[in-house]
Amino acid sequence: MTTLRAFTCDDLFRFNNINLDPLTETYGIPFYLQYLAHWPEYFIVAEAPGGELMGYSECVTPKMLMLWMFTVMGKAEGSVAREEWHGHVTALSVAPEFRRLGLAAKLMELLEEISEKKGGFFVDLFVRVSNQVAVNMYKQLGYSVYRTVLEYYSASSGEPDEDAYDMRKALSRDTEKKSVIPLPHPVRPEDIE
Amino acid sequence: ADYLDNGNNKMAIQQADKLLKKHKDLHCAKVLKAIGLQRTGKQDEAYALAQEVAALEPTDDNSLQALTILYREMHRPELVTKLYEAAVKKVPNSEEYHSHLFMAYARVGEYKKMQQAGMALYKIVPKNPYYFWSVMSLIMQSISAQDENLSKTMFLPLAERMVEKMVKEDKIEAEAEVELYYMILERLEKYKEALDVVRGKLGEKLTSELQSRENKCMAMYKKLRRWPECNALSRRLLLKNSDDWQFYITYFDSVFQLIDESWTPPAEEEHCVEGEVHCSVEQAVEFIEERITEESKSSRPLRGPYLAKLELIRRLRHRGCNDEYKLGDPEELMFQYFKKFGDKPCCFTDLKVFVDLLPPSQYTKFIHQLLEVIPLLGGAAENEVALPGDIKALQQHLCVVQLSRLLGIYHAMDKKEKLRVVRELMLRYRHGLEFGKSCLKTELQFSDYYCLLAVHLLLDLWLEGEEAAVWQCLTLLEEGLAHSPSNAQFKLLLIRIYCRLGAFEPVAELYSSLDAKHIQHDTIGYLLTRYAESLGHYAAASQSCNFALRFFHSNQKDTSEYIIQAYKYGAFEKIPEFIAFRNRLNSSLHFAQVRTERMLLDLLLEANISTSLEESIKSMSLSPEEDDIPWKDLRDNRDLTVLFNWDPKDRDISEEHRKLSLEEETLWLRIRSLTLRLVSGLPTLSHPVQPKNSEKAAENGVSSRIDTIRALLQQLEVALDSGRKFLEQKIQYPVLGPPPTRMAGFLSSGSCQCQTSLFYLVSDIYELDTNGLEDSAEIQERIGNSLKSLVERLTDLFNKCKGDLIEVRDGTLKTHPNLLENLVFFVETISIALWVSSYCDSILRPFKSNLQKKKKKKKESSVAMPPVFTHFLDYVTELQTLTSNVIDHIKGLEIILTALKLEELSLKDTLLLQEEKKFTKTVQGKVQSSYHHSVQEIGELLKKRLDTIKKLKI
């Protein structure tokens, strides 16, 4: 029960209740702007019912409860031929208070739907190896670990960099489910396309 | 070039030199060398070399690209435009250079030239994007035009005609082009036409965004006040997804609009183009009830329909209807909602919006009703607390506790009851940890809110005068953080409380563990910058200002880059948004504050200690005439609701608080900025003026400099006056609301009076300087008096610093952060006093040596020394004594702080459990150590200042 809408720059000033979570990275301005310049329609924010309807004073802006960025992409040329055209989740974070409502599941369904429409072969995402809650959730939604990307997440303050799982789910166009056959060896971040 | 990429700039310069020996006129090598020079700090040489190449108007790709990089690093993007202007003149058919030229203009916002460059490109290569770049440039001209009329009658219609031409020729290709057309029509307020575009054939291209066409249609229907269409469309969208809140709002809005207009559907044909319309309360009630019925069949429980029903009741009540439509009793509906969704963490937030529907007399009954349905175990025996058996029950119980706080039930309790609730909440908190044993370090504990709520109750008690409560707050929060090390709310609350107690040391670590960065420097950086300096943690203050400034400075460059990308990808609607975003950051209140405070801090720590005041000011390119703060457009980007609270509306942070806080911050910033500018004016006055040339010097502008100083001093007086008036209102922000500024302390400590009289002294000394020593008895006397009263005032200020920083009273610790803040003000004021004194010194010294020369010549012993010298000497001696006394006082404070044996404190409060005592000890130790740290940093700085006094003996 939310309002979904496109993310705007002004939202950057008020996403703290989502971004102070330890597993949600706050990126530099270029990251968000690049995204907005390239895929403005795929950067979505969900809001709780807010004050404007309540005759509350106007200052009660609705709580932001979720950020969601995704793309439909592949190497532009020949990607269809090489079956690389796919939907990709760049970020998905839900504010602690609004977890366990199935929001993420619903949005993943939506992305799969869009990617199907755009003729993608699979949907993929990266997740911290340590983020077991997320890994399990994606598994439940039909995703599997395709490969491990070594030291994908750079850590702050002296801790070692963390590995990522590249998790995938095949779409109907990939009839033989070739895209999700796990790779035998982990890869380095510079090797991923 | 490889060397440059690797950061080996010296080698790059050498290699470029080698190449240049062989090929004297290799442009590219020259530019590469220039880049090397720029990066090794030789900006002037780099610039000269670059201009040498640029003057030849190069047309080879390598030189052009290298120069572009160089100019960007020099922050001179306007030079890139010149470069490509020359290049396209020489190679008029180059698509590439024209396109670079367009982007160069985009970087500097030359919209008119962009429009022309876009068209020139289109003429060379008729690709659609180029044409539409030109159209977008027209929109940007209209946005930036000061004259709104010009924008509506010229730029936008021209843009419209340009697009229409393409439409007529059937040349529209991309979705972005349709978006742009829509954007133009919307800005022209041609909503009908915009609607036609979206609904027509062109609208079929709008596919990327979710429900793009529907959303745009809806926006236009609203603008056109076409309520039947609004209603029918939102109804249809709700049928598809009965959980999307925005469509319920439109649906209700439109139903009531239609009722008020007595709209009736046409008898025969369709209600409207969007289908069936609901235009009565009965239909709306039926529609919502149907949604609820549908929901009960859905596999995933949906909250929307239930909340929509409450929303409908709220709107009906607003119109004076009670229960004519049999929607049910809100109390009962909320109870049902709780039964269905109470185990979800968001249940509280959902219901919060509707508690206004409950009559206050029913609050307690309502809470009990909720409590009764939660499956709790135990509690049969007296004094035994019934506890939840699983996470769901815990979540439900937490929801009730949060609602109790929101309804003011805890606020109404007396001290004893409040303490009982605190104990119970902490028991529940610790019990709830059982359910989270398998939680990872990065996850929150299920029962964290219990702890947080207990702390909020204790904060209430503290504000009511219960001193011990604040220590318990810290104790419980530290305990909570130990179990749930990622909980940002624990950290934020600890930060606020430690700061209130005057202890900054623990704050730095807590804040850094929040891993706040980038934009968060602007939104929550105030948590640090408000307190670091004022509590004498100068190093930490410098650091936090630096982090913030680095972020703000990179913003300008970063945003330009993405404005250009938005053109490339056709994200036209984002272009004005990015520009507005850049402006919002550039005019940020916090940015202006850290800029000002950073410079004041640098002067405080360095000027006349490690470098001269004059050099420091020069290196900051400060000048008293310049004011770079956008006073009228200051934007308050602080996130003041980053800390959770569950307070009732009348105690919560209101819009009024925000407005007042911004006003206070702006007033204080004005005082600080004027102080900085006044200080920066001191060195401009002190160039010794030869008496003979005094008139000439006046013409040269020294007199205008003193005029500037005098004018600034007037402005400072006005600002201080406004500050005083503001403080007379005695505004109390909520404890977790905006922190008050340092202004109250500045005015009440007396450092304000000291600082202004110092600047008046500057004006008097200047008068003496231009007047000469003869016939200056009156000025000299005035100076003598103000020096005397300055010493008195500074002594008063010192008296306001006296007292124990931490004392033990009735077994409880009490801190006195205001003494610390006054000490910091003292150090700052003494520093200004010393800068002013060295100005005095620079004026008096030549006078004295002249007199001594005269004395020798005339060989008379009777040439009397004018009184001003004695006054000044006495003053300097007294400053020295006073400063030494303060240093001794600080030493005393250090000894007391070290000797303070907290372990021996017997906290009489039996409330504390054994395990809590451990945390209390840690907390008190942290506060003690932080005070120690403050006193040390302040003491060290003051010692350095004392050394500079010794140089002033003329």
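How many bridges join strand β1 of chain A to β2(A), and do the two run parallel or antiparallel? The count is 4 bridges, and the strands, β1 (residues 3-6) and β2(A), run antiparallel. Strands are said to pair here if DSSP finds at least two bridges between them. One such bridge puts A:T3 together with A:E47 of β2(A).

Some ground rules help before going on. This is a predicted model, in which local features need pLDDT of at least 70 and side-chain atom pairs count only at pLDDT 80 or more, while totals for chains, interfaces and linings use all residues. Residues are numbered from 1 along each chain as its sequence is written, chains are lettered from A and ligands numbered from 1 in the order in which they are written, and side-chain values use heavy atoms, with hydrogens and water left out.

Chain A holds 4 helices and 7 strands. Both kinds of element are DSSP runs numbered from the N terminus: helices are H or I with at least four residues, and strands are E with at least two. Walking along the sequence of chain A, the order is β-α-α-β-β-β-α-β-α-β-β. Chain A has 193 residues, and 53% of them count as buried; buried means under 20% relative accessible area, exposed over 50%, and partly exposed in between, using a 1.4 Å probe and protein chains only. Taking contacts in chain A between residues at least 6 apart in sequence, 65% join residues at least 24 apart, where a contact means heavy atoms within 4.5 Å. The exposed surface of chain A comes to about 8,500 Å², with carbon and sulfur atoms supplying 52% of it. Such areas come from the Shrake-Rupley method with a 1.4 Å probe, and for residues only the protein chains shown count as cover.

Back to strand β2 (residues 43-47) of chain A: 5 of its 5 residues are buried, so the strand is largely enclosed by the rest of the structure. On one side sit A:F43, A:V45 and A:E47, on the other A:I44 and A:A46, and all are buried. In a regular strand the side chains alternate between the two faces of the sheet.

Strand β5 (residues 122-128) of chain A is mostly covered too, with 7 of its 7 residues buried. A:F122, A:D124, A:F126 and A:R128 point one way from β5(A), while A:V123, A:L125 and A:V127 point the other way. What joins β5(A) to its partners? Strand β4 (residues 86-94) of chain A is linked to β5(A) by 4 bridges, and these two run parallel. Within this arrangement A:V89 stands opposite A:L125 of β5(A). Strand β7 (residues 162-170) of chain A is joined to β5(A) by 7 bridges, and that pair runs antiparallel. There, A:R128 has A:A164 in β7(A) as its bridge partner.

Helix α3 (residues 103-117) of chain A adds to the picture: with β4(A) and β5(A) it makes a right-handed β-α-β unit. Right-handed means that, with the strands pointing away from the viewer, the path from the first strand over the helix to the second runs clockwise.

Two residues catch the eye for their backbone angles. Most residues other than glycine have a negative phi, and most peptide bonds are trans. A:E151 is not a glycine, yet its phi is positive, near 45 degrees. This residue belongs to strand β6 (residues 144-153) of chain A and is partly exposed, with a relative accessible area of 41%. In chain B, B:H75 has a positive phi of about 60 degrees and is not a glycine either. B:H75 lies in the loop between α5 (61-73) and α6 (77-90) of chain B, where it is exposed, with a relative accessible area of 56%.

Chain B has 41 helices and 4 strands, and buried residues make up 56% of its 954 residues. Its C-alpha trace spans about 120 × 90 × 55 Å along the principal axes. An automatic or database domain assignment gives chain B domain 1 (1-213), domain 2 (225-328) and domain 3 (780-953). The centres of domain 1 and domain 3 of chain B, taken over C-alpha atoms, are 58 Å apart.

The disulfide count over all chains is 0, a disulfide being a pair of cysteine sulfur atoms within 2.5 Å. For B:C217, the nearest cysteine sulfur is that of B:C230, 10 Å away. B:C217 is buried, with a relative accessible area of 6%.
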